[in-house]
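Reader: I have a structure open and would like to learn how to read it. Could you take me through some features, one at a time?

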Amino acid sequence: MLGLNKKDTSLFLLVLVLVVLAPFLLNPFPENSELAQFNAGYPDLMQRFLIFGIFAIGFNILFGLTGYLSFGHAAFLGVGSYAGVWMMKLLTMNVIPAIFMSVIFAGLFSLLVGYISLRRSGIYFSILTLAFAQMSFSLAYSVLTPITNGETGLQLALDDPRILGVSQENGAIPAANLFGLAMRESYELSLGGWLFTFNAGYYLCAVVMMIAFYVAVRIFRSPFGMMLRAVKSNQQRMNFTGLNSRPYTLAAFVISGMYAGLAGGLMVAMDPLAGAERMQWTASGEVVLMTILGGAGTLIGPVLGAGFIKYFENIFSKINDNVLYGWFSALPEGVADFLVFVIHPFIGKGWHLTLGIMFMLIVIFLPGGIMEGVERIGRLFKRKSSDKDSSARASAAPAE
Amino acid sequence: MDILRVEDVNKSFGGLRALNNVNFSVEEGTVHAIIGPNGAGKSTFLNCLIGRLIPDTGSVMFGDISLTGMKPYEINQVGVSRVFQTPEIFGDLTLMENIMIPALAKRDGEFQLHAFKNVASDAEICDKAMHMLEDVGLAEKRDSIAGSLSRGDKRRLELAMCLSQDPKLLLLDEPTAGMSRADTNNTIDLLKRIGDRGITKVVIEHDMHVVFSLAEKVSVLAQGAIIAEGKPEDIKGDPRVQEAYLGGAHL
């Protein structure tokens with residue numbers, strides 16, 4: 001289907017089903033139950049899953065295929081965000097121009113950064129990209145304040161021109177919309193104790209992510225993708241094979257920069273503001289973690305990694321001591337105190353610690369990330385079923 | 001006609017004169033061997049031909065193209081391929097992919113942004129790759145990862161990669177080093193078979209058995225200079241060669 005082979009088509013359809021049904025799947029617990037806080041099916045978080053999924057898919061095209069580890073990809077996300085907000089200030093609150101220009105500006109900026117940084121490889125490349133990102137971050141706070149609005153962050157205002165739309169609607173800033181459909185519009189479905197939210201913005205993100213994912217699959221299976229893997233495998237041989245690796249790496253860098261810009265543009269479409277902190281090195285590091293955690297070089301791994309990290313960030317960080325005492329209320333007081341004391345460092349603000357430990361465990365025991373785990377489990381089942389097959393055949397044979 | 005003509009090439013590393021006024025030419029369609037003791041400058045010489053090193057002085061002419069100053073990928077694009085002493089293959093990719101990459105490079109040039117084509121449905125390239133693998137006897141392993149091959153298989157794969165580009169000139173740096181006698185003989189057979197394609201070959205080799213069964217002409221390199229050149233039979237008997245290369249012992 002759509003030029004994909006059988007395996008990729010089924011993967012694509014699986015992702016499609018998961019994304020479409022996410023409002024159900026991520027809300028498995030009834031609204032008023034103890035476990036409701038583990039529900040992730042609210043629009044804001046679901047949008048973030050997809051947006052960071054796009055960011056990670058793009059990053060994976062560079063890192064997973066060519067092996068060039070960029071530590072500055074958040075800069076492109078930031079540039080995309082600023083471009084998006086400016087489109088909403090100058091043109092219209094329709095999200096299409098904002099998303100479109102985010103991609104263009106991030107692409108242009110990544111062309112510049114990539115052209116310079118790709119003169120070096122390995123650790124020097126990483127440091128160069130990191131330097132560029134930190135430079136962008138600092139400039140956004142200082143010299144570029146007229147464009148970025150410094151520490152306050154770039155926001156919409158009532159007196160923005162919006163030449164293709166309206167400056168204000170009933171004395172308020174108009175909502176970000178897609179041809180009139182407001183992004184924050186939601187439909188809530190109440191089934192028994194469960195509450196499911198279907199959000200317009202989420203489904204816009206879903207459409208964009210499916211397109212982004214499809215393009216990534218095509219790139220992975222293309223001659224271009226094969227050349228990128230050749231860069232990672234043996235650049236020496238590549239050059240002696242009549243291939244110029246520079247334009248390949250630069251193209252991969254720009255494509256992944258454009259994915260980052262797309263993610264930035266979608267963030268703005270969902271919530272029209274942009275701040276310099278989006279470009280900070282921690283944000284760049286986060287996408288590296290997502291990609292490695294999920295499985296660099298795999299198609300779907302980075303999306304899983306992004307979901308994993310965002311889930312921890314938003315759900316684990318909300319568990320506090322009071323919640324813990326709630327869980328352990330049935331236990332004797334001393335035991336409950338002790339358990340809370342033990343678990344305390346891992347929850348709330350300590351979610352970083354939990355994530356860090358998970359990350360270490362995965363990298364040490366599953367160097368291929370979550371996807372390697374999935375593959376191993378898959379192989380285990382396959383072996384079991386083929387064992388059964390062969391034993392069935394063996395027992396059938398003497399009967400003949 | 002000479003396909004390769006090297007004139008007055010010098011190359012020094014600090015105080016060490018690795019190549020000293022080397023003059024060398026290869027006739028089209030022949031197999032030309034370069035022999036010489038360790039450290040004679042054989043690999044340095046090949047590196048100067050393919051753009052890995054730039055000669056200090058002198059010229060390297062391939063037909064009527066000057067290779068001096070050209071980038072390695074440009075040199076390959078005009079028709080020079082090299083098999084390395086330690087196999088340089090794409091260790092993380094499958095055997096098929098290892099051959100498809102050079103085949104694509106040959107057909108599509110140094111860079112193509114074919115991000116939306118499906119490489120697996122490119123029949124021309126797939127057929128060619130399959131054909132090459134059959135030629136070197138690696139067809140059953142087409143979907144294995146190249147890094148898992150034995151050393152001898154890696155060499156055969158690298159040779160197939162070079163051949164898939166239909167090079168005009170093939171440079172082989174010790175194609176049988178570290179191989180068993182049986183593998184060596186297989187490689188000789190393989191190289192003889194591909195001789196039919198009219199590819200000019202320059203072979204660096206330690207193993208005299210290989211040299212004498214393949215080469216039509218032999219050049220002897222010692223301490224960075226060509227000290228003798230001629231037919232294998234003549235070289236065998238040349239006292240200077242025996243002195244420099246074999247330490248005076250008789251073959």
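Author: Begin with a sheet, and keep in mind that this is a predicted model. In general, strands of a sheet pair through backbone hydrogen bonds, either parallel or antiparallel. In chain B, an open sheet of 4 strands runs in the order E2-E1-E4-E5, with antiparallel pairing.

Reader: Which strands are the edge strands of this sheet?

Author: They are strand E2 (16–27) and strand E5 (65–66) of chain B, each of which pairs on one side only. Strand E4 (residues 57–62) of chain B pairs with E5(B) in the antiparallel sense, over 2 bridges. There, B:Phe62 stands opposite B:Ile65 of E5(B).

Reader: Which helix packs on the sheet?

Author: H1(B) does, touching strand E1 (2–13), E2 and E4 of chain B. The direction of H1(B) makes about 65° with that of E2(B).

Reader: Why is helix H1 of chain B described as largely enclosed by the rest of the structure?

Author: The description follows from burial: 8 of the 9 residues of helix H1 (residues 42–50) of chain B are buried, so the helix is largely enclosed. Among the buried residues of H1(B) are B:Phe45, B:Leu46, B:Leu49 and B:Ile50. B:Lys42, a residue with a charged side chain, is also buried in H1(B). After H1(B) comes B:Gly51, with a positive phi near 90°.

Reader: How do I follow a single residue of the sheet, such as B:Val22, and what is in contact with B:Val22?

Author: B:Val22 is in strand E2 of chain B. B:Val22 counts as buried because 24 C-beta neighbours lie inside 10 Å, and the cut-off for buried is 20 or more. Leaving aside neighbours within four places in sequence, B:Val22 is in contact with B:Val6, B:Val9, B:Phe45, B:Ala225 and B:Ile226. B:Phe45 is one of the buried residues of H1(B). Another residue to look at is B:Glu229, which is 207 residues from B:Val22 along the chain, while their C-alpha atoms are separated by 12 Å.

Reader: Now a strand with two sides: which residues of strand E6 of chain B are buried on each face?

Author: In a regular strand the side chains alternate between the two faces of the sheet. For strand E6 (residues 80–83) of chain B, B:Val80 and B:Arg82 are on one side, B:Ser81 and B:Val83 are on the other, and all are buried. Both faces of E6(B) are thus covered. E6(B) pairs with strand E7 (residues 169–173) of chain B in the parallel sense, over 4 bridges. The bridge partner of B:Ser81 in E7(B) is B:Leu170.

Reader: What about phi angles?

Author: Most residues other than glycine have a negative phi, and most peptide bonds are trans. B:Glu174 is not a glycine, yet has a positive phi of about 45°. A:Asn170 is also not a glycine, and its phi is positive, near 50°.

Reader: Where are B:Glu174 and A:Asn170, and is each buried or exposed?

Author: B:Glu174 is in the loop between E7 and helix H6 (181–194) of chain B. With 20 C-beta neighbours inside 10 Å, B:Glu174 counts as buried. A:Asn170 is in the loop between strand E1 (154–155) and strand E2 (177–178) of chain A. A:Asn170 is exposed, with 5 other C-beta atoms within 10 Å.

Reader: How do I read two helices that pack together?

Author: Look at the angle, then at the residues. In chain A, the axes of helix H8 (residues 223–233) and helix H10 (residues 245–270) come within 10 Å and cross at roughly 110°. H8(A) and H10(A) are therefore roughly perpendicular to each other, and the crossing is left-handed. Their contact includes A:Met227 of H8(A) and A:Tyr248 of H10(A). Its residues divide into 5 nonpolar, 2 polar and no charged.

Reader: At what angle do helix H7 and H10 of chain A pack?

Author: Helix H7 (residues 200–220) of chain A packs on H10(A) at about 170°, with the axes 10 Å apart. That makes the two roughly antiparallel.

Reader: Last, how many residues does each chain bring to the contact between chains?

Author: Chain B brings 31 residues and chain A brings 26 residues. H3(B) gives the most to the side of chain B that touches chain A, with 7 residues.

How values were computed:
Residues are numbered from 1 along each chain as its sequence is written. Chains are lettered from A and ligands numbered from 1 in the order in which they are written. This is a predicted model: local features need pLDDT of at least 70, side-chain atom pairs count only at pLDDT 80 or more; totals for chains, interfaces and linings use all residues. Two residues are in contact if their C-beta atoms, placed from the backbone, lie within 7 Å. A residue is buried if 20 or more other C-beta atoms lie within 10 Å of its own, exposed if 12 or fewer, and partly exposed in between; C-beta atoms are placed from the backbone. Two strands pair if DSSP finds at least two bridges between them. Axes are lines fitted to C-alpha atoms, for helices over the stretch in contact, and angles run from 0 to 180 degrees between N-to-C directions. Angles under 35 degrees count as roughly parallel, over 145 as roughly antiparallel, 65 to 115 as roughly perpendicular and the rest as oblique. A crossing is left-handed if the near helix is turned anticlockwise from the far one by less than a right angle, and right-handed if clockwise.
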